[in-house]
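Please look over the sequence and the model shown here before reading on. The report below is meant to be read with both in view.

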Amino acid sequence: MRYIWIIINTALWTTFLGFIGIFISIFESKKGKTLGVFARIWAKLILFFGGIKYSVKNLDILKPKCSYVFAGNHASGFDILLAFAGLPYWIVSIAKIELRSIFILGLVMKTAGHIFIDRKNHEEAMYSLENAKISLKKLPRSVLLYPEGTRTLDGTIGNFKPGGLLLAVETELPIVPIYYAGTFNLLKKGSWSINNQKLELRIGKPILTKDYSFETRKELAEKVRSEVFKLSKET
């Protein structure tokens with residue numbers, strides 16, 4: 001029942017805040033900025049009404065007015081809520097293209113400027129990232145991505161793919177390793193049962209990307225994964 005309640009709240013707040021944000025965006029010079037603010041409110045409301053407590057660790061090591069690429073493990077659908085609730089930045093996500101077809105959610109994400117990637121079509125994925133690079137240079141924002149590409153089945157951190165991380169290299173945005181603690185035990189993939197679990201978003205030191213390139217993209221991916229793994233061992 002608790003999971004159903006969270007789904008209802010997600011649908012409610014997505015619709016309500018989404019349509020207001022879309023309307024406001026018509027008059028904005030910086031398209032999607034209001035929806036960026038609403039995304040944080042959206043996540044906080046869903047976690048609050050779902051009775052899910054969370055905390056953020058090491059937020060003070062980041063600069064409030066900077067843009068970053070946040071890269072972390074992917075353990076649960078609640079990773080996204082925890083990221084948007086815990087990171088006080090204008091954030092767009094790199095999301096699978098299937099989300100664009102979801103009623104209301106897809107429209108809201110498209111209007112907000114989120115980046116859709118077709119994981120089954122490498123050429124189209126690279127084209128989307130190229131457009132995202134141009135967009136981010138014109139209108140700086142932070143980016144949320146999950147380099148594993150899919151959610152873990154057993155709680156372990158898989159290999160990080162370099163594709164999305166190249167966006168940070170080409171836009172010269174620092175990469176911030178983040179670890180979602182507790183989200184795997186809160187809701188495991190395929191389960192409908194919400195466990196009592198406090199969540200914590202752990203933030204690592206930003207990784208400067210100026211010394212990396214396309215040729216060293218795999219080294220960068222391994223570096224980011226290593227830092228995320230270190231965060232997973234913190235208490």
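The sections that follow go from the overall build to the sheet, the helices and the charged pairs.

## Overall build

This is a predicted model, and the protein in it has 8 helices and 7 strands. Its radius of gyration is 17 Å, close to the 18 Å that the globule rule gives for 235 residues, so the protein is as compact as a globular protein of that length. Along the principal axes, the C-alpha atoms fill a box of roughly 50 × 45 × 35 Å.

Of the 235 residues, 49% count as buried, while the surface that the protein exposes comes to about 12,500 Å², with carbon and sulfur atoms supplying 59% of it. When contacts with a separation of 6 or more are considered, residues 24 or more positions apart account for 74% of them.

## The sheet and its edges

The strands form an open sheet of 7 strands in the order 1-7-6-2-5-3-4, and the pairing is mixed. Strand 1 (54-57) and strand 4 (115-117) stand at the edges, and each has a single partner strand, so one side of each is left without a neighbour in the sheet. On average, neighbouring strands of this sheet are turned by 25° against each other, if direction is ignored.

In general, strands of a sheet pair through backbone hydrogen bonds, and they may do so in a parallel or an antiparallel way. Both kinds of pairing can be followed in the strands described next.

## Strands 2, 5, 6 and 7

Strand 2 (residues 69-72) pairs with strand 5 (residues 142-145) in the parallel sense over 3 bridges, and strand 2 is also joined to strand 6 by 4 bridges, again in a parallel run. Phe 70 can be used to trace both pairings, for its bridge partner in strand 5 is Leu 144, and its bridge partner in strand 6 is Val 176. Strand 6 and strand 7, by contrast, run antiparallel and are joined by 4 bridges, with Ile 178 standing opposite Ile 203 in strand 7.

How many of the residues of strand 6 are buried? The strand is mostly covered, with 7 of its 7 residues buried. In a regular strand the side chains alternate between the two faces of the sheet. In strand 6 both faces are covered, since Ile 175, Pro 177, Tyr 179 and Ala 181 are buried on one side, and Val 176, Ile 178 and Tyr 180 are buried on the other.

## Helices around the sheet

Helix 5 (residues 122-138) lies across strand 3 (91-96), strand 4 and strand 5, and runs at about 165° to strand 4. Helix 8 (residues 217-232) also packs on the sheet, where it touches strand 2, strand 6 (175-181) and strand 7 (199-203), and the direction of helix 8 makes about 40° with that of strand 6.

Helix 3 (residues 78-86) has 8 of its 9 residues buried, so this helix is largely enclosed by the rest of the structure. Among the buried residues of helix 3 are Phe 78, Leu 81, Leu 82 and Phe 84, and Asp 79 is buried as well.

## Charged pairs

Side chains of opposite charge can pair when their charged atoms come close. A search of the whole structure finds 6 salt bridges, one of which joins the side chains of Glu 130 and Lys 133, at 3.1 Å from N to O. These two residues are 3 residues apart in helix 5, and therefore separated by about one helical turn. Glu 130 counts as partly exposed because its relative accessibility is 34%, whereas Lys 133, at 16%, counts as buried. Glu 130 and Lys 133 are also linked with Glu 170 in a network of salt bridges.

In helix 8, which charged residues pair with Glu 227? Lys 223 forms a salt bridge with Glu 227, the closest N and O atoms being 3.3 Å apart, and the side chain of Lys 230 also meets that of Glu 227 in a salt bridge, at 3.3 Å from N to O. Lys 223 and Glu 227 are 4 residues apart in helix 8, while Lys 230 and Glu 227 are 3 residues apart, which is about one turn of the helix. Lys 223 counts as partly exposed at 35% relative accessibility, and Lys 230 counts as partly exposed at 48%. An α-helix has 3.6 residues a turn, so residues three or four places apart point the same way.

Definitions and conventions
Residues numbered from 1 in each chain as written. Predicted model: local features only at pLDDT ≥ 70, side-chain atom pairs only at ≥ 80, totals over all residues. Heavy atoms only, no water. Pairing = 2+ DSSP bridges. Axes fitted to C-alpha atoms, helices over the stretch in contact; angles between N-to-C directions. Contact = heavy atoms within 4.5 Å. Salt bridge = Lys/Arg side-chain N within 4 Å of Asp/Glu carboxyl O. Buried < 20%, exposed > 50% of the residue type's maximum accessible area, 1.4 Å probe, protein only. Rg over C-alpha atoms; globule rule 2.2 N^0.38 Å. Areas by Shrake-Rupley, 256 points an atom, 1.4 Å probe, with all protein chains shown as cover.
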